[in-house]
Amino acid sequence: MEERLARVGRAAWWLSGIALVAVLLGIVGWVFRVVFPPLVLAGALVFLLNPIVSVLERRGLPRLFGTLVAFLGVVLLFAVLGAVLYPLIASQADDVSERWPRLQADAEEWIDDLSQRSDDDNWPVHLPSVEEIEDQADTGDDQELGEQVATLREYLVRAFHIGIIFVLGPFLAFYLLVDLPDVRRRVEELIPERSTREVQFLAHRLNAAIGGFFRGQLAVAFIVGVLVSIGLKAVVDLPLWLVVGMVAGVFNMIPLIGPWVGAVPGIVVALATKDVKAAIGVAVVMVVVQQIDNHFITPTVMRRAVQLHPAAVMIALLAWGTIGGFFGLLLAVPLTATAKIIGGHLWRKYVVGVSVPGLDEPYPDRAVVAAREDLPDERIEEAEAVEAEALGAAGSGSTSTATGEAGPAPA
């Protein structure tokens, strides 16, 4: 009992120190937050392309040329998609532009009708008519010239920042991919020898979770975008069905809330170009595709990549979205999975006292190479399974697993 209390006390000091370091890093990160968006994009590209570069390197191609091939492949893929999709998008845009005068007239008539009803029925709030809206927009131009200039400058700064992100991100990813083995060696040199195997074990799990998340989300977004586009064309015959499907696929990368946000453009287009019945059809298509995604596509594609409870995902989205905005929403799941893996490992090691055989003895050279090359590693998977069994045994009061392979770590 005293040993358990001492272990809990040491863990509490560990957690306090980690919390203090996290707060300090958070303050520094907030001050230099402008550098994070390109780093996030670069990291995503590294996780997506590193398996391809590693395969090419094992086949004898120098890493520099393998990275060039991977980037050229991505550029070629986008070029082919653009060449295939541009005629369809242009045709749909021309169709909408032809209908635009009629759509604008219908929208103005609808606004004027609502304004008249708000006056006739004595609504608590008067809704302005189109003429009143135009009058309010035209008044005070001279007085608000400074505000207009400030707004224009703000938009230009935002556009510049977005351009920097999409320019610097790929460049950073390219250099990181080329020098990744050297970066790994330099990082390993900073790790104490007694902790090398433990860090490699955690790094393998983090790489599997984060890399699997990015690759899986990209695949799921593509599949959902295709299904939504086909459904909107076949069921509703919606104008801009391809654009709406692409938007739905992109927003699908934001877990839980993204699919519903992606449905809004389709409903708006249906109400503007068709009728309420078409809008209901769009909603039905979105719901059906999301059910297919939730029950078949995501479980199949993501499988063991990120194991988080839906409630934890919701809380993570709220927290990280508040902190980081759109990028916070995109990174909420991988960041939470990272915290879960590291925090869970430290808790099992220093509080529960679980010892994992895969970390108590040296890895075979072949397993170390496999971990560094991001290959599936049976030894690490076996260690994870034994760790889970040992945790269950420790939680039930046992001092060892059912097989006797793991027990509490020595104090």
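This short report walks through a charged surface patch and some aromatic pairs in a predicted model.

## A negative patch on the surface

Let's start on the outside. A patch of negative charge gathers Glu-108, Glu-109, Asp-112, Asp-113, Asp-119, Asp-120, Asp-121, Glu-131, Glu-132, Glu-134 and Asp-135 on the surface. Two or more of these residues come from each of helix H3 (63-120) and helix H4 (130-138). The most generous contributor is H3, which gives six residues to the patch.

If you would like one residue to look at, try Asp-112, which is found in helix H3. Asp-112 counts as partly exposed because its relative accessible area is 34%, a value between the 20% and 50% cut-offs.

## A stacked phenylalanine pair

Now for the rings: the structure holds four aromatic pairs. In one of them, Phe-47 and Phe-214 are stacked, at 6.0 Å centre to centre with 25 degrees between the planes. This pair links distant parts of the chain, with Phe-47 in helix H2 (residues 36-58) and Phe-214 in helix H7 (residues 196-236), 167 residues apart.

Phe-47 is partly exposed, with a relative accessible area of 24%, whereas Phe-214 is buried at 17%. Phe-47 and Phe-214 also belong to one aromatic cluster together with Phe-213.

## An edge-to-face pair

Phe-71 and Phe-174 make an edge-to-face pair: their centres are 5.7 Å apart and their planes meet at 70 degrees. Here too, distant parts of the chain are linked, since Phe-71 sits in helix H3 and Phe-174 in helix H5 (residues 145-178), 103 residues apart. Both Phe-71 and Phe-174 are buried.

Methods. Residues are numbered from 1 along each chain as its sequence is written. This is a predicted model: local features need pLDDT of at least 70, side-chain atom pairs count only at pLDDT 80 or more; totals for chains, interfaces and linings use all residues. Side-chain values use heavy atoms; hydrogens and water are left out. Patches are made of residues with over 30% relative accessible area and no salt bridge: like charges are joined within 9 Å, nonpolar side chains (Val, Leu, Ile, Met, Phe, Trp, Tyr) within 5 Å. Accessible areas come from the Shrake-Rupley method with a 1.4 Å probe; for residues, only the protein chains shown count as cover. A salt bridge is a side-chain nitrogen of Lys or Arg within 4 Å of a carboxyl oxygen of Asp or Glu. Lys and Arg count as positive and Asp and Glu as negative; His and the chain ends are not counted. The place of a charge is taken as NZ of Lys, CZ of Arg, CG of Asp or CD of Glu. Helices (H or I, at least four residues) and strands (E, at least two) are DSSP runs, numbered from the N terminus. Buried means under 20% relative accessible area, exposed over 50%, partly exposed in between (1.4 Å probe, protein chains only). Rings of Phe, Tyr and Trp (its six-membered ring) pair if their centres lie within 6.5 Å; planes under 30 degrees apart count as stacked, over 60 as edge-to-face and the rest as tilted.
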